[in-house]
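User: I am new to this structure and would like to understand the reasoning behind the terms used for it. Could you take me through them step by step?

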Amino acid sequence: RIHPARIEEMVEKARKEMQERIWQEGEQAMFKIGISGLHPELIKLLGKLRFRTSYGQNVLQHSLEVAFLAGAIAGELGMDPSIAKRAGLLHDIGKLVLADNLPDLYLKAQELSNQEQVAMTDAEKRVFGATHAEVGAYLMGLWAMAETSIEAIAFHHQSPDLPRNEILPVTIVKAANVLAHQVESEAESPPQSELDFFAEQGLEQRFTQWLQIAQTETATNVE
């Protein structure tokens, strides 16, 4: 017969091991894309993404793909890739915050999205009054992240009013997210609304070039 105290010891040991695994996953993600200086709580949240899925995709894996792709696009444009990489890696942190802290409501949002065939962000807005992108951006503001990164996280599912032909970090992260989803799902093309956004920005040719980068980056960098 196992003594209750022994059971408690085993549970505590398992809890500590899981916390260590979460921390390691967060640190490894930072190392893979070459960033540092994240708040310790943010590293833990990042590590927890390894154990989350969204639309059949591992959320940390997707976040790494977006980060690599955002950095590659920024580099191709002669811009500092670190801002784009950081925002790309953290763009879906809000999903974890909502799902971990309000699991019943998050499930309700998922069911609403499936039943009414609406975007998950629309369902989140109806259930929570905010999207995971807005929640994530709010957290980044609390942890004093650069304003350009906060903007990129906040608008990665929206079509912000931006200067035509001017490529900003928000444009790069939005493109990286769209293209990563396309490559992961093997869809023939991105949603028309996303294509319209990049057309309005005068970036049709750029977007085609970025797709070629996406097909290379996601195949070689995230293993």
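**Helices, burial and side-chain pairs**

Analyst: Let us begin with helix H10 (residues 169-185), in what is a predicted model. Its 17 residues should span 24 Å at 1.5 Å a residue, and because the end C-alpha atoms are 24 Å apart, the expected and actual spans agree.

User: What makes H10 largely enclosed by the rest of the structure?

Analyst: The reason lies in the count of buried residues: 13 of the 17 residues of H10 are buried, so the helix is largely enclosed by the rest of the structure. Just after H10, Glu186 takes a positive phi of about 60°.

User: Why is the pair of Phe197 and Phe198 called edge-to-face?

Analyst: The structure holds two aromatic pairs. In the one formed by Phe197 and Phe198, the centres are 5.0 Å apart and the planes make an angle of 80°. Ring centres within 6.5 Å count as a pair and planes over 60 degrees apart count as edge-to-face, so the values for Phe197 and Phe198 meet both conditions. Ring pairs also link Phe197 and Phe198 with Phe207 into a cluster.

User: How do you know whether Phe197 and Phe198 are buried or exposed?

Analyst: Buried means under 20% relative accessible area. Phe197 has 2% and is therefore buried, and Phe198, at 1%, counts as buried as well.

User: What sits over the ring of Phe197?

Analyst: The charged end of Lys174 sits over that ring, 5.1 Å from the centre of Phe197, and the distance part of the rule asks for a value within 6 Å.

User: Why is Glu124 said to have no salt bridge?

Analyst: Glu124, which lies in helix H7 (residues 120-128), is buried, and the nearest side chain of opposite charge is Lys95, 6.4 Å away. A salt bridge needs a nitrogen and an oxygen within 4 Å, so the distance to Lys95 does not qualify. Leaving aside residues up to four places away in sequence, Glu124 touches several others, among them Leu98, Tyr106 and His132.

User: Which pair, by contrast, shows Lys48 in a salt bridge?

Analyst: The structure holds ten salt bridges. Lys48 forms one with Asp100, where the closest N and O atoms are 3.7 Å apart, and because the cut-off is 4 Å, this pair qualifies. Lys48 is in helix H2 (residues 40-48) and Asp100 in helix H5 (residues 93-101), 52 residues apart, and the pair thus links distant parts of the chain. Lys48, at 30% relative accessibility, counts as partly exposed, and Asp100, at 35%, is likewise partly exposed.

User: What makes the pair of Glu76 and Arg206 a tie between separate parts of the chain?

Analyst: These two form a salt bridge, with the closest N and O atoms 3.4 Å apart. Glu76 lies in helix H3 (residues 59-76) and Arg206 in helix H12 (residues 204-220), so the pair ties together parts that are 130 residues apart in sequence. With 37% relative accessibility, Glu76 counts as partly exposed, and Arg206, with 33%, is partly exposed too.

User: Why is Arg126 called exposed, while Glu116 is called partly exposed?

Analyst: Exposed means over 50% relative accessible area. Arg126 has 52% and therefore counts as exposed, whereas Glu116, at 42%, counts as partly exposed. Their side chains meet in a salt bridge of 3.0 Å, N to O. Glu116 lies in helix H6 (residues 103-116) and Arg126 in helix H7, so this pair ties together parts that are ten residues apart in sequence.

Methods:
Residues numbered from 1 in each chain as written. Predicted model: local features only at pLDDT ≥ 70, side-chain atom pairs only at ≥ 80, totals over all residues. Heavy atoms only, no water. Phe/Tyr/Trp six-rings, centres within 6.5 Å; stacked < 30°, edge-to-face > 60°. Buried < 20%, exposed > 50% of the residue type's maximum accessible area, 1.4 Å probe, protein only. Lys NZ or Arg CZ within 6 Å of the ring centre and 35° of its normal. Helix = DSSP H or I, 4+ residues; strand = E, 2+ residues; numbered from the N terminus. Lys, Arg positive; Asp, Glu negative; His and termini not counted. Contact = heavy atoms within 4.5 Å. Expected span 1.5 Å × (residues − 1).
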